[in-house]
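Me: I'm new to this one and would like a close look at one part of it, with enough of the surroundings to find my way. Could you start with how the pieces get their names, and then take me through slowly?

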Amino acid sequence: MARAQPRYVCQDCGTVHAKWVGKCEGCGAWNTLVEEASQEAPPKGLGGKLGKTRSIDFVALRGTMEPPPRRISGIAEFDRACGGGLVAGSALLVGGDPGIGKSTLLLQVVAALAQGRGKDKDRLSCAYISGEEAIDQVRMRAVRLAVDGAPVDLAAATSVRDIVASLDRVDGPDIVVIDSIQTMYLDTLDSAPGTVSQVRAAAQELIRLAKRRGFTLILVGHVTKEGVIAGPRVLEHMVDTVLYFEGERGHQFRILRAVKNRFGPTDEIGVFEMTDSGLSEVPNPSALFLAERNAKISGAAVFAGMEGTRPVLVEIQALVAPSPPGTPRRAVVGWDGNRLAMIMAVLDARCGLAIGANDIYLNVAGGLRVSEPAADLAVAAALISALTEQPVPADTVVFGEIGLSGEVRAVSQTEARLKEAAKLGFAGALTPPRRGSKAARDGAIKLREIAHLRDLLVLFDAAPRKGAATPKQLA
Ligand code: TYD
Ligand code: MG
């Protein structure tokens, strides 16, 4: 038999190399190659001889099935982001920047599960394994969060071999938190904890055990500078659910966002506020995001957005300032810089509003990250409002996607957006043209359809003009 050739596989993207190199030729990542025994050694196939086999049973697509039972923590914002609670035997990854509050959140969650604060009042047996903090540190946090009375089993450990050995028993826990997966190591591998191969191997062992023993495994993963969890693709593929915990460090709002969920909808969010005694739930995020709004100032528009199935109103703020000679500055927080560039180009090319020579700052108030194209129209409204120094019509929400010719396109879930706006006391909405006959809606909200960006300019008295427009010229 031919000797198996060693091969080196990038743990990030899976590219196979014949020789070890520092930098993966596939994805350019450094130090991600790991030697794996070649599986291709005996490529013999079955050769027509089947030998002893067992036939597999096929079943109909339709059949009786039970929805997986959920483990409800009673922290509604967390349960919602998980798609309605945790599933037994599943693995969940909670990613986020260091210091954003992952350990705080999960300690609160396991405490709630252990105390049976969910609606079924089931007290689950929970284990919290910290590889980052000493027992005393976790205890101190528990006191601060006022959950030190919860019957949670606490351990400080990093050896996956020891952890697996301790959890592999019939009366093992229902929920296991590993904080964080980057600190775990398997002694069978040479590489250091936190490397992709270690993270992957450790996660694999733990996930396998979770499936076998039926506990819910929650892995904490730190996000790297580039904004991805170390070994992202490997980990994201291996787990059933991926939640990202996001927020601006200086802000108290935190958003838990489902980016993958085998048991529920994605893009579902849970909103929290970081307080002195831990994370508290924000059941009505729109009210909170708009709390500090001053409707009379120019350069701000309220966007009626959707986060998963949930409508969320946020304020989009823009500042347009004459730029000193040189390249104008662009600073965007909470939105996509490329989309801002596109909207500015459309304003320039299709509406004759030369905004590009100015410094532009765009901010989504409250620390939310908006990724919907539906925010285009609100961004445009904020920009025009800033440039013309005229406020957006009072008590009006804005949404609509902008196409490259300046047309405003329909977006999904219009009704839900309008309903949320009405609930928060808004009286009007700038919306894309509505197909069909529902245009005249005699609801609480007066709709103003914007078919093209030019129609938006008219609202601001900023007639399209050629040449550079500075705030002074337009005023
Ligand atoms: P932590 O949960 O340790 O973050 P992570 O596990 O994601 O690294 O949160 C740390 C931050 O949260 C720290 O800056 C202090 C702050 N914090 C509060 O504001 N209130 C609290 O009750 C707690 C426990 C932490
Ligand atoms: Mg932590």
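Reply: Sure. Names like α9 and β19 work like this: helices are DSSP runs of H or I with at least four residues, strands are E runs with at least two, and both are numbered from the N terminus. With that in hand, you can find E389: it sits in the loop between α9 (376–388) and β19. Keep in mind that what you're looking at is a predicted model.

Let's stay with E389 for a moment. Its phi is near 55 degrees, which is a positive value in a residue other than glycine. E389 counts as exposed because its relative accessibility is 51%, and the cut-off for that word is over 50%.

Now move on to β19 itself, which covers residues 396–398 and runs parallel to β22, with 3 bridges joining the two. One pair to look for is V398 and its bridge partner in β22, L430. On β22 (residues 428–431), G428 and L430 point one way while A429 and T431 point the other way, and all four are buried. β22 also pairs with β23 (residues 446–449), again in the parallel sense, this time over 4 bridges. L430 turns up here too, standing opposite R448 in β23. So if you click on L430, you can go to V398 in one direction and to R448 in another.

Before the part I'd like to dwell on, here's the wider view. The chain has 12 helices and 23 strands, and its C-alpha trace spans about 80 × 55 × 50 Å along the principal axes. Buried residues make up 47% of its 475 residues. If you take the contacts between residues at least 6 apart in sequence, 66% of them join residues at least 24 apart. The accessible surface comes to about 23,400 Å², and 52% of that belongs to carbon and sulfur atoms.

On to the close look: ligand 1. There are 16 residues around it, and the ones that come nearest are G99, K102, S103, T104 and G278. S103 has an N or O atom in its side chain 2.6 Å from an oxygen atom of the ligand. R141 also reaches an oxygen atom of ligand 1, with a polar side-chain atom 2.8 Å away. T275 uses its backbone instead: a polar atom there is 2.8 Å from a nitrogen atom of the ligand. On its own, ligand 1 has 550 Å² of accessible area, and the protein covers 76% of that. The elements giving two or more residues to this shell are α2 (102–115), α3 (135–144) and β13 (269–275). Of the elements, α2 gives the most, with 3 residues. Sorted by type, the shell holds 4 nonpolar, 7 polar and 5 charged residues.

From α3 you can hop to A146, which is in the loop between α3 and β8 (152–156). Like E389, A146 isn't a glycine, and its phi is positive, near 60 degrees. A146 is exposed, since its relative accessible area is 59%.

Next, a residue to set against that one: R254, in strand β12 (residues 253–261). R254 is buried, with a relative accessible area of 4%. A polar atom of its side chain lies 2.7 Å from the backbone oxygen of I100. Setting aside residues up to four places away in sequence, R254 touches a long list that includes I100, F245, E246, G270, V271, F272 and M274.

Two last stops. W30 lies in the loop between β2 (16–17) and β3 (33–37), and it's exposed, at 60% relative accessible area. Leaving aside neighbours within four places, W30 is in contact with G22 and K23. For a feel of the distances, the C-alpha atoms of W30 and A382 are 42 Å apart, with their positions 352 residues apart along the chain. Finally, look at the bond joining D179 and S180: it's a cis peptide, with omega about 0 degrees. S180 is in the loop between β9 (175–179) and α5 (196–213).

Terms used
Residues numbered from 1 in each chain as written. Chains lettered and ligands numbered in written order. Predicted model: local features only at pLDDT ≥ 70, side-chain atom pairs only at ≥ 80, totals over all residues. Heavy atoms only, no water. Near = heavy atom within 4 Å. Polar contact = N/O pair within 3.5 Å; in protein donor to acceptor, adjacent residues only side chain to side chain. Areas by Shrake-Rupley, 256 points an atom, 1.4 Å probe, with all protein chains shown as cover. Nonpolar A, V, L, I, M, F, W, Y, C, P; charged D, E, K, R; others polar. Buried < 20%, exposed > 50% of the residue type's maximum accessible area, 1.4 Å probe, protein only. Contact = heavy atoms within 4.5 Å. Pairing = 2+ DSSP bridges.
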